[in-house]
Amino acid sequence: MGGGRLEVRTSIPGLQDKIQMNLDSTSDTLYWYIKFNTQLDEDSVSGKTMNVTDTDGYIMRTIISYKPKKHVICVSPLDTYEEGRYYLLNISRRVRSATGQNLRSTIHILFKLVEDNISDFKVLDKGAKVPDPKPRPDDYDFMPRNATPNHFERQYIDRSPKGKMATDSAFVNPALLILGFIIVGVSAAISNMYGTIGGITLAVAGIIHILYQLRDEVLRSKFMFNKGVRAFNRGRYKSAEHSFLRAFEINPDNELAKHGVRKAKIYYGKI
């Protein structure tokens with residue numbers, strides 16, 4: 001499987017200067033190495049002050065170790081992380097230096113795996129609301145779960161009617177076609193043959209222009225997504241899922257199409 005490494009540097013008031021965080025990743029293994037520029041109190045580094053959770057707050061099983069000579073904390077997994085699912089690395093403000101100085105605030109790092117690589121990697125803003133960590137139930141592996149909406153999906157969800165889905169903006173410019181029809185109508189009214197011919201020519205150019213616009217993958221994906229939305233809002237969830245999948249096939253960057261697939265599956269009980 002493929003792998004990747006991300007590095008992020010962030011100022012941490014209270015421990016001064018910098019912390020460096022590296023993430024080695026495959027869908028089987030995620031290792032966090034968090035390097036501090038000062039010696040830490042080893043008693044403050046444990047599963048009580050650091051953990052990885054899913055976005056429901058369930059704690060993923062990990063081994064947390066500290067290498068005092070290098071000032072590095074290693075968070076290694078005992079669980080497999082699911083493709084396309086969001087997780088949080090949580091570092092409590094109770095982590096402290098050997099001199100007793102705590103972090104100014106708790107750190108939450110959001111990430112997910114997409115095709116064996118890290119995606120949507122983000123250090124959440126101070127004060128961001130995250131679920132409280134809690135032990136996983138025995139049937140955790142069989143519980144229905146959904147990916148947390150990303151920023152664009154969140155905006156879309158907020159503007160969608162309750163229990164429904166909103167269409168995406170998908171616009172084809174018909175200006176030439178409309179102008180051609182207007183010229184044809186006016187020319188016909190005044191019996192101007194040359195104007196009629198010119199209007200017809202312009203209308204044909206308008207049709208060609210529309211067909212050219214429809215070659216755009218982003219636009220075609222939006223049209224297919226909107227077809228799925230109409231089916232979803234009529235309660236035809238399986239048909240909606242098919243349209244959302246097709247929209248995603250046309251344009252793999254269509255985040256709303258992925259959101260639509262998940263939502264359609266939920267509504268007709270597939271997940």
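**Exercise 1. Which residue in strand 8 stands opposite M50?**

*Solution.* Before we start, keep in mind that this is a predicted model.

- Step 1: Look for the two strands involved. Strand 4 covers residues 50–54, and strand 8 covers residues 86–91.
- Step 2: Check how they run. Strand 4 and strand 8 pair in the antiparallel sense, over 5 bridges.
- Step 3: Start at M50 and look across. The residue opposite M50 is I91 in strand 8.

**Exercise 2. Work out how strand 8 is covered on its two faces.**

*Solution.*

- Step 1: Recall a handy rule. In a regular strand, side chains take turns pointing to one face of the sheet and then the other.
- Step 2: Sort the residues of strand 8 by side. Y86, L88 and N90 go on one side, while Y87, L89 and I91 go on the other.
- Step 3: Check each side for cover. Both groups are buried, which leaves both faces of strand 8 covered.
- Step 4: Count up. In strand 8, 6 of the 6 residues are buried.

**Exercise 3. Describe strand 7, its partner and the loop that leads into it.**

*Solution.*

- Step 1: Begin with burial. Strand 7 spans residues 72–77, and because 6 of its 6 residues are buried, strand 7 is largely enclosed by the rest of the structure.
- Step 2: Split strand 7 by face. V72, C74 and S76 are buried on one side, and I73, V75 and P77 are buried on the other.
- Step 3: Find the partner. Strand 6 (residues 62–67) runs antiparallel to strand 7, and 6 bridges join the two. To see one of these pairings, take I63: its bridge partner in strand 7 is S76.
- Step 4: Look at the turn. The hairpin of strand 6 and strand 7 has 4 residues between the strands, and H71 sits in that loop.
- Step 5: Check the backbone of H71. Most residues other than glycine have a negative phi. H71 is not a glycine, yet its phi is positive, near 60°.

**Exercise 4. Find S191 and decide: is S191 buried or exposed?**

*Solution.*

- Step 1: Go to the loop between helix 2 (175–189) and helix 3, where S191 is placed.
- Step 2: Look at its backbone. S191 has a positive phi of about 60°, although it isn't a glycine.
- Step 3: Compare the accessibility with the cut-off. Exposed means over 50% relative accessible area. S191 has 66%, so S191 is exposed.

**Exercise 5. Now try G195: place it, then name what it touches.**

*Solution.*

- Step 1: G195 belongs to helix 3, which covers residues 193–213.
- Step 2: Buried means under 20% relative accessible area. G195 has a relative accessibility of 17%, so G195 counts as buried.
- Step 3: Set aside the neighbours within four places in sequence. That leaves G195 in contact with I183 and S187.
- Step 4: For a sense of distance, pick G180. G180 and G195 are 15 residues apart in sequence, and their C-alpha atoms are 9.8 Å apart.

**Exercise 6. Show how helix 5 fits between its neighbours' contacts, and find the aromatic pair that links it to helix 4.**

*Solution.*

- Step 1: Size up the helix. Helix 5 (residues 237–250) has 14 residues and reaches 20 Å from first C-alpha to last, close to the 20 Å expected.
- Step 2: List what is buried in helix 5: A240, E241, S243, F244, A247 and I250. These residues pack against helix 4 (217–233) and helix 6 (255–267).
- Step 3: Zoom in on S243. At 4% relative accessible area, S243 is buried. Beyond residues up to four places away in sequence, S243 touches M224, K227 and G228.
- Step 4: Turn to the rings. The count comes to 2 aromatic pairs. One of them is F225 with F244, a tilted pair with 5.3 Å between centres and 40° between planes.
- Step 5: Ask what that pair joins. F225 lies in helix 4 and F244 in helix 5, so the pair ties together parts that are 19 residues apart in sequence.
- Step 6: Check burial. F225 counts as buried at 0% relative accessibility, and F244 is buried with a relative accessible area of 0%.

Technical notes
Residues numbered from 1 in each chain as written. Predicted model: local features only at pLDDT ≥ 70, side-chain atom pairs only at ≥ 80, totals over all residues. Heavy atoms only, no water. Expected span 1.5 Å × (residues − 1). Buried < 20%, exposed > 50% of the residue type's maximum accessible area, 1.4 Å probe, protein only. Contact = heavy atoms within 4.5 Å. Pairing = 2+ DSSP bridges. Phe/Tyr/Trp six-rings, centres within 6.5 Å; stacked < 30°, edge-to-face > 60°.
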